Amino acid sequence: MSGFTIVLPALAPGASQVRLEAQAESLGLEPREWPGLVTGDVLVEKNGDRVSVRGRLEASARLECVRCLREFDMPVTVPFEVFAERGATHPAREEKDLERDGYIAFHDGRDLSLNQKAPDALLLELHGTMVTQSFDDAEGELLGRIRSIAPRLPIGVSLDMHANL
């Protein structure tokens, strides 16, 4: 079993701090590019059939300098958040539809696996004319907040044909 699987019955209801660690290869990462352990410090909140996991992952990426061509290890820290709901509470088709975008994961009540790969990019389908009481450009605010969290993540946006640009 991977070091990135949380055994839910072992945790008390409410909030629990959990330390995860695994070799990069066991998580599907190339060991030459990710030497050493991948670790995670996470807060797991259990409330009935719902589970939320928030925290950060840390690892070292082995890179090559473009000037001198020497290899070096660069520490990488990535915050993440996963929401999960027990699978028996929804039809399997609905679970598959929701799970495809990685927003919510389903678990069987025993284990919650966090072995999924991080996204390479983000594609948003937005309306293009959304306003709120607080923001005249709600989509712009959303994109700005995403960019502040993931400054290097490529973001694509699809807008309705009647969007205001």
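**Salt bridges, core and surface of the predicted chain**

At a relative accessibility of 29%, Arg-62 counts as partly exposed. This residue belongs to a predicted model, and its side chain forms a salt bridge with that of Asp-73, the closest N and O atoms lying 2.8 Å apart. Asp-73 is located in strand E5 and Arg-62 in strand E4 (residues 50-64), so the pair ties together parts of the chain that are 11 residues apart in sequence. Asp-73, with a relative accessibility of 40%, is likewise classed as partly exposed.

The chain contains 165 residues, of which 27% are buried. Its secondary structure amounts to two helices and nine strands. Read from the N terminus, the elements follow the order β-β-β-β-β-α-β-β-β-α-β. Among the contacts with a separation of 6 or more, 48% are made by residues 24 or more positions apart. The exposed area of the chain is about 11,600 Å², and carbon and sulfur atoms supply 53% of this area.

Side chains of opposite charge can pair when their charged atoms come close. In the whole structure, eight salt bridges were found. One of them joins Glu-71 and Arg-32, with an N to O distance of 2.5 Å. This pair links distant parts of the chain, since Glu-71 is in strand E5, whereas Arg-32 is in the loop between strand E2 (14-23) and strand E3 (37-47), 39 residues apart. Glu-71 is partly exposed, its relative accessibility being 42%. A further salt bridge connects Glu-45 with Arg-54, where the closest N and O atoms are 3.0 Å apart. Both partners are partly exposed: the relative accessible area is 31% for Glu-45 and 32% for Arg-54. Salt bridges also link Arg-19, Asp-41, Arg-56 and Glu-58 in a network.

Two members of that network, Arg-19 and Arg-56, are touched by Thr-39, as is Glu-58. Thr-39 is placed in strand E3 and counts as buried because its relative accessibility is 11%, which is under the limit of 20%. When residues up to four places away in sequence are not counted, the other residues that Thr-39 touches are Phe-4, Leu-20, Glu-21 and Leu-57.

In soluble globular proteins, nonpolar side chains tend to be buried together. The largest nonpolar core of the present model has 18 residues, and those with the most contacts inside this core are Ile-6, Val-42, Val-44 and Val-53. Strands E2, E3, E4 and E5 each give two or more residues to the core. Leaving aside neighbours within four places in sequence, Val-44 is in contact with both Ile-6 and Val-53. The contacts of Val-44 further include Leu-11, Gly-14, Ala-15, Ser-16, Val-18, Val-51 and Ser-52.

Nonpolar residues also appear on the surface, where Leu-63, Phe-72 and Met-74 form a patch with about 240 Å² of accessible area together. Phe-72 is part of strand E5 (residues 71-86). The relative accessibility of Phe-72 is 37%, and this residue therefore counts as partly exposed.

No disulfides are present, the structure holding zero. Cys-65 is in no disulfide, and the nearest cysteine sulfur, that of Cys-68, is 3.6 Å away. A disulfide requires the two sulfur atoms to be within 2.5 Å. The sulfur of Cys-68 is therefore too far for a bond, because the closest cysteine sulfur, in Cys-65, is at 3.6 Å. Both cysteines are partly exposed, with a relative accessible area of 22% for Cys-65 and 43% for Cys-68.

In another part of the chain, Gly-128 is found in the loop between strand E8 (122-126) and helix H2 (138-149). With a relative accessibility of 9%, Gly-128 counts as buried. Gly-128 is separated from Asp-160 by 32 residues in sequence, yet the C-alpha atoms of the two residues are 6.2 Å apart in space.

How values were computed: Residues numbered from 1 in each chain as written. Predicted model: local features only at pLDDT ≥ 70, side-chain atom pairs only at ≥ 80, totals over all residues. Heavy atoms only, no water. Buried < 20%, exposed > 50% of the residue type's maximum accessible area, 1.4 Å probe, protein only. Patch = residues over 30% accessible without salt bridge, like charges linked within 9 Å, V, L, I, M, F, W, Y side chains within 5 Å. Areas by Shrake-Rupley, 256 points an atom, 1.4 Å probe, with all protein chains shown as cover. Salt bridge = Lys/Arg side-chain N within 4 Å of Asp/Glu carboxyl O. Helix = DSSP H or I, 4+ residues; strand = E, 2+ residues; numbered from the N terminus. Core = buried A, V, L, I, M, F, W, Y, C linked by side-chain atoms within 4.5 Å. Contact = heavy atoms within 4.5 Å.
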